[in-house]
Amino acid sequence: MSRPSGRPDGEQGAGEDAARGPATVRIVLADDHAVVRSGLRMLLDSESGFEVVAEASDVDGAARYVRGHHPDVLVLDLNMPGGSSLDAIPQIRKESPETQIVVLTMQQEPAFARQALGAGALGYVLKEAADEELVEAIRRAAAGESYLNPRLGARIAAEPPPGATDDLSEREVDVLRLIALGYTNAEIAEQLFLSVRTVETHRSHIQQKLGLSSRAELVGYALERGLVNSGK
C-alpha cells in the first residue's frame, strides 16, 4: 500500500504540517520486529489523518526520532533492545512534552499497565487487539485522552495495586517479589525489561530502605507483607 506522503521513511517535507493542517496526527512507530512495524504501518496508513513519520527498532532510536520529529504520538513496544521502554517513557515525555505515548505490548499483567500509565503513557494496547484498538488509542492520545485495553482495565479494577510497603516504590516491590521467588538479577531484568545494573540498583535501594542485608531476610519480609505466599 502506498503511503499518502510518498516519501521515504522518516523524511519530513518543509512546511508540510501547515499544508496538511492541524488534523494530521504524526506518529513514530517503535517495535523491534520489522514485520510488526510493517503491519502497523499498513493499518495506520489506511486511516485518514494519520501520518507515520519514522520507525524505530530500539529504545534509543525511538527517543531519537521523537526528538527529531516531535510527533503527536509515539507508539512504543515495551520489549525492545537498548534499555527499558518503561524507564524511557518519563525521559521522552520530558524532552518532548507535546508527544503522547501509546504502549503497544504483549504484556497482559496489570502491573505493567500501571507502571506505563504512571510513567506518563496515555494509552496501553495489547498487540492481540491492535487491529481493533490501536487507531482509537492513538486518536484519544492525540486529543490528550487516555485509553486502556478494556479487558485489562477490568483486571486492574479487580486487582488493585498493593499498598505502600514501607517506602518502597512500586517497581521496587516488583523487584522484591521476584527476589523472594528465587529469580536471579539477570532473570529479574528480563522479566521487568530492565538492565541488570538497574536491577542491582533497585536491590541495593530495597536493602537500604528496609535495613535488610541477606536474601533470606528479604524473603521473610516479602512473606510477612503478603507479596508472595508460602506455597511458592
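Here are some worked exercises on the predicted model shown above.

**Exercise 1. Get an overview of the chain**

Task: Find how many helices and strands the chain has, and what share of its residues is buried.

Solution:
- Start with the secondary structure: there are eleven helices and six strands.
- Next, look at burial. Of the 232 residues in the chain, 45% are buried.
- Finally, consider the contacts with a separation of 6 or more: 63% of them come from residues 24 or more positions apart.

**Exercise 2. Place strand 4 among its neighbours**

Task: Work out which strands pair with strand 4, and in which sense they run.

Solution:
- Begin with strand 3, residues 73-77. Five bridges link strand 3 to strand 4, and the two run parallel. One point to look for is Val73, which stands opposite Gln100 of strand 4.
- Now move to strand 5, residues 123-126. Strand 5 is also parallel to strand 4, with four bridges between them. Here Leu104 has Val125 as its bridge partner.
- Then trace the connections. From strand 4 the chain passes through helix 5 (residues 110-119) to reach strand 5, in a right-handed β-α-β crossover.
- On the other side, strand 3, helix 4 (residues 85-95) and strand 4 form a β-α-β unit that is right-handed.

**Exercise 3. Judge how enclosed strand 4 is**

Task: Decide whether the faces of strand 4 are covered or open.

Solution:
- Recall the general pattern: side chains in a regular strand alternate between the two faces of the sheet.
- Take one side: Gln100, Val102 and Leu104 are buried.
- Take the other side: Ile101, Val103 and Thr105 are buried too, which leaves both faces covered.
- Put this together. Six of the six residues in strand 4 (residues 100-105) are buried, so the strand is largely enclosed by the rest of the structure.

**Exercise 4. Classify an aromatic pair**

Task: Determine what kind of pair the rings of Phe112 and Phe193 make, and which parts of the chain the pair ties together.

Solution:
- Two quantities are needed, since a pair of aromatic rings is described by the distance of the centres and the angle of the planes.
- The count of aromatic pairs comes to one. In this pair, the ring centres of Phe112 and Phe193 are 5.7 Å apart and the planes are at 45 degrees, so the pair is tilted.
- Locate the partners. Phe112 belongs to helix 5 and Phe193 to the loop between helix 9 (185-192) and helix 10 (196-210), so the pair ties together parts 81 residues apart in sequence.
- Check burial with the cut-off of under 20% relative accessible area. Phe112, at 8%, counts as buried, and Phe193, at 11%, is buried as well.
- Look at the backbone of Phe193: phi is near 60 degrees, a positive value in a residue other than glycine.

**Exercise 5. Follow helix 5 into the next loop**

Task: Find which residues of helix 5 are buried, and what Ala121 touches in the loop beyond.

Solution:
- In the helix, the buried residues are Pro110, Phe112, Ala113, Arg114, Gln115 and Ala116.
- Step past the end of helix 5 to Gly120, which has a positive phi, near 130 degrees.
- Ala121 sits in the loop between helix 5 and strand 5. With a relative accessibility of 5%, Ala121 is buried.
- Leaving aside residues up to four places away in sequence, Ala121 touches Ile89, Ile101, Val103 and Ala116.

**Exercise 6. Map the nonpolar cores**

Task: Identify which residues have the most contacts inside the largest nonpolar core, and which helix gives the most to this core.

Solution:
- Keep the general tendency in mind: in soluble globular proteins, nonpolar side chains tend to be buried together.
- The largest nonpolar core has 48 residues, and Leu74, Tyr124 and Leu176 have the most contacts inside it.
- Helix 8 (residues 170-180) gives the most to this core, with six residues.
- Zoom in on Leu176. Not counting residues up to four places away in sequence, Leu176 touches several residues, including Leu168, Ile206, Leu210 and Tyr221.
- Apart from the largest core lies another core of 21 residues, among them Ile27, Val52, Leu104 and Tyr147.

Terms used. Residues numbered from 1 in each chain as written. Predicted model: local features only at pLDDT ≥ 70, side-chain atom pairs only at ≥ 80, totals over all residues. Heavy atoms only, no water. Buried < 20%, exposed > 50% of the residue type's maximum accessible area, 1.4 Å probe, protein only. Pairing = 2+ DSSP bridges. Right-handed = clockwise from strand over helix to strand, strands pointing away. Phe/Tyr/Trp six-rings, centres within 6.5 Å; stacked < 30°, edge-to-face > 60°. Contact = heavy atoms within 4.5 Å. Core = buried A, V, L, I, M, F, W, Y, C linked by side-chain atoms within 4.5 Å.
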